[in-house]
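This report describes the fold of one protein chain, proceeding from its domains to individual backbone features. The sequence and the coordinates are shown first.

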Amino acid sequence: MSHFTKKRKLDKNVQDNLYFDSYSDVTIHEEMIADTVRTNTYRTGILRNSSLIQGKVVLDVGAGTGVLSIFCAQAGARKVYAVEASSIADQAVKIVKHNKMEDIIDVIKGTLETIDLPEQVDVIVSEWMGYALLHESMLNSVLFARDKWLKAGGLILPSKAELYIAPINDLVVEDRLSFWSTVKDQYDVDMSCMSDFARKCIMSNDITVNLVTVEDVLSHPSKFAELDLYSVTTEQLKSVKGAFKCECFGSSAVNALCVWFTVTFPGGEEKPLVLSTSPFKPETHWKQAVLYLDEAVDVRQDTTVVGEVNMYPSEDSSRHICIHVDYTIGELKKQSKTFSIPDGYSGEAQQ
């Protein structure tokens, strides 16, 4: 009897329960609140729009511990509805009371799609982004809230998301691949035959969430997709795709592609505020999404890396993202590879 069986597609309720359960522990919330780039950018983005929040009604989608709701109350909101599906909502209630804001903030425990609000809202705020922007993200819920609860001309924070890609040379991977050739010198046992197996394991179809250093990036980034949260539809999220073109800085070897995102807050009376997960910017808990190629390819100054990226929900779990890349490096023939985040790897989309 085979040890391998076809992976069963999870029922949506099971998917949702697994997702919300992952936010019931303190660790994930500690990681997100401790991400000062993330949390300070949200705080600044909300306070900069205080003229549009004062005296208004706000909906916080996926409120988690309620910190964004409190920022909105501090910005002068008349009422904030903090909707949170996981059991961390119980802690949010305590935090709201501890900050003496229970008259302004109502914590509502439940999914956005099933709860009811007593009124339409003027503002929607949400930290919905997951790894590679869309893995386990709550964007569908934000769009549901927009279409059902947001008044015409209302404000969405953040209001725009953009996706970028660039070729990289991951030196750590190069060291790992060459490791097996060094064992003989160390122990007088030749294990160089492990190299092909190591390459198969390391240069796999997994989306690897890692910090990428600036020195590893081989070109300027290329933006391949943009989402306007005022107009994007759930149907469009079934395939977020676009073309890219990068020109390499100099001689190196491309062994992976790196994907990251930005989200933008309207600036009110100031310029828009950008939360970036770029390797050129300070580190965030989202890090970057690394897509390893099957083989490293040597490049020179101005060698082009061109192609198309398509991001779409996994057939096994709609909350999991797949990334398909068609790419051509220099004069070589076009290659294609599809990536996904391994089972059990939890992304962050709430707080």
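The sections below treat the domains, the nonpolar cores, the sheets, the helix packing and the backbone geometry in turn.

**Domains and nonpolar cores**

The structure is a predicted model. The domain assignment divides the chain into domain 1, residues 12–127, and domain 2, residues 162–340. Their C-alpha centres are 32 Å apart. Across the boundary, 16 residues of domain 1 are in contact with 18 residues of domain 2.

In soluble globular proteins, nonpolar side chains tend to be buried together. In this model the largest nonpolar core comprises 87 residues, and L59, W128, L133 and M311 have the most contacts inside it. Both domain 1 and domain 2 contribute residues to this core, so it lies between them. A second core, separate from the largest, holds 15 residues, including I202, V217, A256 and C258.

**The parallel sheet**

Strands of a sheet pair through backbone hydrogen bonds, either parallel or antiparallel. An open sheet of 5 strands follows the order β3-β2-β1-β4-β5, and its pairing is parallel. Strands β3 (105–109) and β5 (150–157) occupy the edges; each has a single partner strand, so one side of each is left without a neighbour in the sheet. On average, neighbouring strands of this sheet are turned by 25 degrees against each other, direction ignored.

Strand β4, residues 121–125, is linked to β5 by 4 bridges in the parallel sense. Within this part of the sheet, I124 stands opposite I156 of β5.

Two helices are placed against these strands. Helix α5 (residues 67–74) packs on the sheet and touches β1 (57–61), β2 (79–84), β3 and β4. The direction of α5 makes about 175 degrees with that of β2. Helix α6 (residues 89–98) lies across β2 and β3, and runs at about 170 degrees to β3.

**The antiparallel sheet**

An open sheet of 4 strands has antiparallel pairing and the order β9-β13-β14-β15. Its edges are formed by β9 (240–247) and β15 (335–340); each of these has a single partner strand, so one side of each is left without a neighbour in the sheet. The average turn between neighbouring strands of this sheet is 20 degrees, direction ignored.

Strand β14, residues 321–329, runs antiparallel to β15 and is joined to it by 6 bridges. C322 stands opposite S340 in β15.

**Helix packing**

Two packed helices are described by the angle between their axes and the distance between the axes. The table gives these values for two pairs.

| Helix pair | Angle | Distance between axes |
|---|---|---|
| α2 (residues 26–34) and α3 (residues 36–48) | about 65 degrees | 5 Å |
| α8 (residues 171–179) and α10 (residues 195–202) | about 150 degrees | 8 Å |

How are α2 and α3 oriented to each other? With an angle of about 65 degrees, α2 is roughly perpendicular to α3. M32, I33 and A34 of α2 make this contact with T36, R38 and T39 of α3.

The pair α8 and α10, at about 150 degrees, is therefore roughly antiparallel, as angles over 145 degrees count as such. On the α8 side the contact is made by V173, R176 and L177, and on the α10 side by S195, A198, R199 and I202. I202 also belongs to the second nonpolar core.

**Backbone geometry**

Most residues other than glycine have a negative phi, and most peptide bonds are trans. Several positions in this model depart from that pattern.

L157 and P158 are joined by a cis peptide bond, with omega at about -10 degrees. P158 is located in the loop between β5 and β6 (160–168).

Where does D188 lie? D188 is in the loop between α9 (183–187) and α10. Its phi is near 60 degrees, a positive value in a residue other than glycine. D188 has a relative accessible area of 60%, and is exposed.

D302 likewise has a positive phi, of about 75 degrees, although it is not a glycine. D302 sits in the loop between β12 (288–299) and β13 (304–313). With a relative accessible area of 47%, D302 is partly exposed.

Terms used. Residues numbered from 1 in each chain as written. Predicted model: local features only at pLDDT ≥ 70, side-chain atom pairs only at ≥ 80, totals over all residues. Heavy atoms only, no water. Core = buried A, V, L, I, M, F, W, Y, C linked by side-chain atoms within 4.5 Å. Buried < 20%, exposed > 50% of the residue type's maximum accessible area, 1.4 Å probe, protein only. Domains from an automatic or database assignment. Pairing = 2+ DSSP bridges. Axes fitted to C-alpha atoms, helices over the stretch in contact; angles between N-to-C directions. Contact = heavy atoms within 4.5 Å. Parallel < 35°, antiparallel > 145°, perpendicular 65-115°, else oblique.
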